[in-house]
Amino acid sequence: MSAARSETTSVPGDDLLAALLDGMDAALCAFDAGGTVTHWNKEAERILGWSAGEAVGRRGFEGWAARRADAAQALERLMAAMAAPGRLVHEFALVRKDGGRVLVRTQSAGVRGADGKPAGVYCAFSEVHAQIDLERSIALSEALFEDASWGVVLVDVDLRPTTVNGHAARAMGGGRTTLLGRPLGELIVQGVEELEGALQHVLAEGAPRALAEVWVTLRTAEGDRRRCWRSGFVRLSSPLAEEPVPLGVGWLFQDVTEERLAEQEADRLRFRYSQLHRAGVAAAECEDPREAATVLLDFALAGFADHALVDVAVGDRRLVRVAATPGGEPGPVVPVAGGGIPVRYPAGHPVLQAVSRTGPVRASAAAASPKGAEEWAAERHWPRDAVHALCLPLRSRGRTVGAVTFLRGASRTAFERPDAVYAEAVAVRVASSLDLATVVTPPTP
């Protein structure tokens, strides 16, 4: 039985070397030990215009690729690489075939023969401006990922961080390596849908023209933190592909939380004190001081609370409910029909605390379930949808004339110190109106 022999054709070594040289993006040429050009690739031809047939076999650059005054020095500097370790970098001017001059940056290194002796030099070169552009791009990337005051995150097509700079890592409450490859949903409690939607839009359509502000809640070791990030996005595409292939998204952001919170607080203050002004003008037109008090509260409730309750002090500091908003749903403050029966507040009730301290008292339902919150409100004689309360004494002429309670539902946040300051400004006006009512129409004994 004869053995079958398969024949393969091989690419000759010189042809393979020529194909490799011509396929490279860098301009390459080589010189033998005497300074004669032995190799010249397509990129070198593109930059200088001289073909391989015109370049190979010439000694140095004199008479064709360099001016006579520069040629000897250029060749000397290139050939010095035969005796130097590593690579040498030089810059000098060469002449294109059309007569124009171009400044190139070269990297040259010696080539040794089989006997270990210097056999020539190979040289890679590029136009200086192209090299500088590359170096600038690299320097920009390094600066963004080391020293930038913006957060920079590279996200792959699966929307997972692949590179994170120090600023972004600190903003997200993690390390530069611990954040890599993790879904954004593991880092962001709220707002991740909006952020991922923006990243997906950039991958599909390209970067938006304007910056976007995204509110997120981060999960950190210290607890959840709500932040506002002003974000810009750029789509990353491979420069090596024939058609643009998305590699991911470059996401740059800056934390503007404090700025936005300050703006929101300023807007809130402008609105609230505008309401106070309007309330004062409207109350001044009321003949009945009690009606003026309810008008003041109606204006104060807008954007501030869902309910308001007004109690007046009678006799030995008993509190009688005289006005309130509807119990079932938010509405205007109206007088309570059939008043005169004291409200049976239990000991330690926030209203009693406010009267005793002559200062505001805040309270919130601690129950986790809606049913528990309803029971909490019912025990305190408040509407069942109340979850947060702010109680204040009504003070006029150095004495307590009653108390006012503002209530918020579960859809609102708890009352904070700035809310108490505003409520005090409202309470002063309500107290003056109620005190005036006792002068104009003295209470029935």
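## A hairpin to start with

In the hairpin of strand 3 and strand 4, five residues sit between the strands, and one residue there, Gly99, takes a positive phi near 95 degrees. Strands here are DSSP runs of E with at least two residues, helices are runs of H or I with at least four, and both are numbered from the N terminus. Strand 3 (residues 88-95) pairs with strand 4 (residues 101-112) in the antiparallel sense over eight bridges; pairing takes at least two DSSP bridges. Look for Ala93, whose bridge partner in strand 4 is Leu103.

## What you're looking at

This is a predicted model, where local features need pLDDT of at least 70 and side-chain atom pairs count only at pLDDT 80 or more, while totals for chains, interfaces and linings use all residues. Residues are numbered from 1 along each chain as its sequence is written, and side-chain values use heavy atoms, leaving out hydrogens and water.

## Two helices side by side

Now for helix 8 and helix 12: they pack at an angle of about 5 degrees, with axes 11 Å apart. That makes helix 8 roughly parallel to helix 12, a label for angles under 35 degrees. The axes are lines fitted to C-alpha atoms over the stretch in contact, and angles run from 0 to 180 degrees between N-to-C directions.

Where they touch (heavy atoms within 4.5 Å), the helix 8 residues include Tyr273 and Leu276, and those of helix 12 include Val421 and Tyr422. By class, this contact has seven nonpolar, one polar and four charged residues. Ala, Val, Leu, Ile, Met, Phe, Trp, Tyr, Cys and Pro count as nonpolar, Asp, Glu, Lys and Arg as charged, and the others, Gly among them, as polar.

Key: Angles under 35 degrees count as roughly parallel, over 145 as roughly antiparallel, 65 to 115 as roughly perpendicular and the rest as oblique.
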